[in-house]
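Here is a set of questions and answers on one chain. Have the sequence and the model open as you read.

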Amino acid sequence: MGVPERLAERMTMAEQHEYLRARFSRRTMIRGGAVTLGAVAGGAFVPGATARAAVPSGRPGTETVDGAHVAPFGRHLAYGTDPRTEMTVSWQVPVAVKKPFIRIGAHPTDLSRTIDAEVRTLFTPAGVGASGNHTQYYVHARLSRLKPGRTYYYGVGHQGFDPAAPHLLGTLGTFTTAPAHKAPFTFTAFGDEGVSYHGLANNALLLGQNPAFHLHAGDIAYADPSGSGQTSDTGFDSRIWDQFLAQTESVAKSVPWMPAYGNHDMEAWYSPNGYGGEEARWTLPDNGPDKKNLPGVYSFVHGNTAVISLDANDISFEIPANLGISGGTQTTWLEAQLKKYRASHDVDFIVVFFHHCAYCTSTSHASEGGVRQEWVPLFEKYTVDLVINGHNHQYERTDVIKGNKVAKKLPIGGTAYPETDGVVYVTAGAAGRSLYAFTAPLSYEGNEHDVESVASFVNVKGGKQNETVAWSRVRYLDYSFLRVDVTPAPKGRLATLTVRGIAETGDQVDHFTVARRAK
């Protein structure tokens with residue numbers, strides 16, 4: 001990302017950010033074209049500030065654009081801290097607009113409630129990446145005091161573009177808040193999507209599952225194609241985010257799209273932690289341990305299921321650009337969340353998702369020792385029901401694991417009981433990017449090929465450490481995603497998570513059940 005490789009190899013993410021800010025000074029940016037308030041202030045964006053529209057003249061722009069000629073795009077939803085009553089609607093506009101807002105109501109002909117929206121302007125100067133000067137305008141509207149389990153209609157607009165106008169009713173979207181009580185629902189998950197036909201195809205299949213929400217386990221758009229946080233990246237292109245949000249809009253405009261951040265989501269230009277760009281693009285639940293350094297760490301509860309998003313860049317030995325950035329606060333927070341949810345009478349299941357794999361036999365990244373060291377003991381202590389990862393571009397599912405060993409074999413169609421057995425880990429990183437490889441034969445539903453052991457490695461503090469493992473149960477090498485059906489039960493009866501691996505073709509490549517006695 002504009003940092004010479006000989007320097008970047010020795011730099012943390014914060015050091016790369018400082019280098020880029022010094023190199024692309026205010027004078028350089030003014031000479032090169034439009035300047036946003038956020039860029040002049042030295043940050044990624046200034047909340048609430050609307051920057052001038054970028055113009056090709058090479059001088060700061062003063063022109064204004066008729067809002068009637070500008071249509072919003074890239075709509076994406078996210079839950080607030082309480083999914084029953086809070087939702088954020090986010091979108092983009094290609095140029096600066098005046099007075100953005102959202103209309104919301106219980107019917108498409110009743111959108112009388114209007115709420116002002118916040119603009120976050122993100123400027124990327126020529127030289128930082130592959131494009132010339134590029135300014136992006138992300139708009140966010142936080143909705144609160146919603147009713148649980150209710151479907152709402154909404155439209156986004158600005159001065160000159162009113163979604164309630166008869167000719168614009170086709171631009172309306174809908175969303176449904178989480179229920180007030182335990183009820184059956186479905187959610188989906190994957191990681192490592194990017195912009196491609198395969199990402200588009202998986203999104204189309206996702207929509208057909210009718211999920212209540214979707215989990216994205218990191219490496220979202222791949223605007224930063226290197227993903228190491230430590231080597232030069234002349235291929236960085238902020239415009240990829242425009243394409244990505246347009247690609248996912250078909251799903252994300254009606255399904256809360258809940259991301260965790262991966263190594264390709266650290267972009268050094270915008271902030272010392274690499275997440276300044278992400279903070280411009282997303283508004284996520286504001287209940288994590290360290291919003292300054294870890295904006296992608298949060299939790300929420302939908303029905304009887306608690307979901308926790310973690311940032312594995314903080315504990316990654318393989319890619320250490322942000323190693324230790326939280327100073328241990330993330331792990332402390334994680335244990336507090338697990339303890340709280342396990343004690344709650346309203347929560348049966350705990351699902352944790354993040355990017356780097358705890359257990360995977362991919363030939364590319366395999367397993368992350370930092371995760372095993374810091375978090376796996378907590379997953380076992382509090383009997384986490386399901387762990388979802390990305391990072392490795394394939395589908396792999398483990399047996400039930402406890403103490404780094406197979407506690408119980410979990411064949412396709414089998415059932416795991418976390419209270420006594422251990423934890424199941426799924427790598428669902430085949431959402432759209434180029435696929436990796438396995439050393440062992442593929443083994444999936446309809447094509448089972450069990451092996452006693454698989455040669456792999458784990459990334460530890462000193463480098464790669466070879467290991468031979470027995471826990472690799474399902475291995476599938478094509479584009480896919482995860483579907484999870486949650487079925488509550490009366491107190492004392494077995495509630496279930498039915499987990500399915502779904503291929504881009506629509507075929508089922510894996511299924512298993514996680515069962516726990518309902519509270």
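**Questions on the predicted model**

S480 has its place in strand β25, residues 480-487. The model is a predicted one.

Q: Is S480 buried or exposed?
A: S480 lies in β25. Buried means under 20% relative accessible area. S480 has 1% relative accessibility, so it counts as buried.

Q: Which residues does S480 touch, not counting residues up to four places away in sequence?
A: Neighbours up to four places away are set aside here. The contacts of S480 include F190, N202 and Y395. The others are A430, A431, I502, A503 and E504.

Q: What is the strand order of the open sheet of 7 strands?
A: The pairing in this open sheet is mixed. Its edge strands are β11 (257-260) and β20 (415-416), each pairing on one side only. The order is β11-β10-β9-β25-β26-β27-β20.

Q: Which residue in β27 is the bridge partner of T415?
A: β20 spans residues 415-416. It pairs with β27, residues 508-517, in the parallel sense over 2 bridges. In β27, the partner of T415 is T513.

Q: How far apart are the end C-alpha atoms of helix α6, residues 239-252?
A: α6 has 14 residues. At 1.5 Å a residue, they should span 20 Å. The distance in the model agrees with this: 19 Å.

Q: Where is the kink in α6 centred?
A: The helix runs over residues 239-252. Its kink is about 30 degrees. The centre is A246.

Q: How many of the 14 residues of α6 are buried?
A: The buried residues include I240, W241, D242, F244 and L245. Also buried are Q247, T248, E249, V251 and A252. The helix is largely enclosed by the rest of the structure, because its buried residues number 10 of the 14.

Q: Which residues have the most contacts inside the largest nonpolar core?
A: This core has 98 residues. α6 gives the largest share, 6 residues. A second, separate core has 32 residues, among them L294, I308, Y341 and V347. Inside the largest core, the residues with the most contacts are F175 and L215.

Q: Which residues is L215 in contact with, leaving aside its neighbours within four places in sequence?
A: L215 belongs to the largest nonpolar core. Its contacts include F187, T188, A189 and F190. The rest are M258, F300, V307, F353 and I388.

Q: How many disulfides does the structure hold?
A: A disulfide is a covalent bond between the sulfur atoms of two cysteines. C357 and C360 are each buried, at 0% relative accessibility. The sulfur of C360 is 4.4 Å from the closest cysteine sulfur, in C357, which is too far for a bond. The number of disulfides in the structure is 0.

Q: What is the relative accessible area of E452?
A: E452 lies in the loop between β21 (425-428) and β22 (454-460). It touches V469 and A470, not counting residues up to four places away in sequence. E452 is still exposed, with a relative accessible area of 76%.

Q: How far apart in space are E452 and W471, C-alpha to C-alpha?
A: In sequence, E452 and W471 are 19 residues apart. In space, C-alpha to C-alpha, the distance is 8.8 Å.

Q: Which residue in β23 is the bridge partner of F457?
A: An open sheet of 3 strands has the order β15-β22-β23. Its edge strands are β15 (367-368) and β23 (463-469). β22 and β23 run antiparallel, joined by 7 bridges. The partner of F457 in β23 is N466.

Q: Which residues of β3 are buried on each side?
A: β3 covers residues 101-105, and 5 of its 5 residues are buried. Both faces are covered. One side has F101, R103 and G105; the other has I102 and I104.

Q: Which residue in β7 is the bridge partner of G105?
A: β3 is joined to β4, residues 113-116, by 4 bridges in an antiparallel run. There, I102 is paired with I115. β3 also pairs with β7, residues 151-157, in the antiparallel sense over 5 bridges. In β7, the partner of G105 is Y153.

Q: How many of the residues of the chain count as buried, as a percentage?
A: The chain comes to 10 helices and 27 strands. It has 519 residues. The buried share is 59%.

Methods. Residues numbered from 1 in each chain as written. Predicted model: local features only at pLDDT ≥ 70, side-chain atom pairs only at ≥ 80, totals over all residues. Heavy atoms only, no water. Expected span 1.5 Å × (residues − 1). Bend = angle between axes of the 7 residues up to and from the residue. Buried < 20%, exposed > 50% of the residue type's maximum accessible area, 1.4 Å probe, protein only. Pairing = 2+ DSSP bridges. Core = buried A, V, L, I, M, F, W, Y, C linked by side-chain atoms within 4.5 Å. Contact = heavy atoms within 4.5 Å. Disulfide = S-S within 2.5 Å.
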